[in-house]
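User: I would like to learn how to read the surroundings of a ligand and the faces of a helix. Please take me through an example.

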Amino acid sequence: MARSRFRQLWAGTALVALGSVPLSVALAADVQAGKTVSQAKCSQCHEADDWEGESAASLESLIRDIVAGKVKHKAPLQLTPAEVADIAAYWGQSSQKGRKRR
Ligand code: HEC
């Protein structure tokens, strides 16, 4: 009867939402690669346009948290850190082209 074991799983969750400061985010990211990966792995459920108003930096930390299992997602994501950055760059970029920003 080891029922206290599960509690530790939740300990990290609270830290996630505080947001990471976008330091060097997306500088080295490859938008074209991000397009390719997201079309292969995400486009059955997401379009780049879905992320209107989201910056690449916030998308990157969000996706990273999904990959790490800290943010709930419909399906588990398996992406390398580089792929995460690339997708974030692609989505973050297309969300800003010619659109009105808040
Ligand atoms: C099987 C369908 C499916 C696939 C494939 C999928 N997603 Fe999602 N994703 C969802 C659903 C459903 C949501 C929740 C939408 C909502 O907020 O109502 C979601 C939400 C998200 C969110 C927002 C999470 C939040 O808490 O705001 C991100 C970021 C995301 N997905 C990234 C990705 C990435 C990156 C990929 C590809 C590597 C991907 N998703 C592939 C279904 C999918």
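Analyst: Start with residue classes: Ala, Val, Leu, Ile, Met, Phe, Trp, Tyr, Cys and Pro count as nonpolar, Asp, Glu, Lys and Arg as charged, and the others, Gly among them, as polar. This is a predicted model, in which local features need pLDDT of at least 70 and side-chain atom pairs count only at pLDDT 80 or more, while totals for chains, interfaces and linings use all residues. Residues are numbered from 1 along each chain as its sequence is written.

User: How many residues of each class are in the shell around the ligand?

Analyst: A residue is near a molecule if its C-beta atom, placed from the backbone, lies within 6 Å of it. Here the shell has 10 nonpolar, 4 polar and 2 charged residues. Of the 16 residues around the ligand, K41, C42, C45, L62 and K74 come nearest.

User: Which helix gives the largest share of the shell?

Analyst: Helices are DSSP runs (H or I, at least four residues), numbered from the N terminus. The largest share, 3 residues, comes from α3. L62 belongs to helix α3.

User: Is L62 buried or exposed?

Analyst: Count the other C-beta atoms within 10 Å of a residue's own, placed from the backbone: 20 or more is buried, 12 or fewer exposed, in between partly exposed. L62 has 19, so it is partly exposed.

User: Which residues of α2 are buried?

Analyst: They are G34, V37 and S38. Seen down the axis of α2, their directions from axis to C-beta atoms fall within an arc of 95°, so they line one face of the helix. Q32 and A40, on the other side of α2, are exposed.

Definitions and conventions: Helix = DSSP H or I, 4+ residues; strand = E, 2+ residues; numbered from the N terminus.
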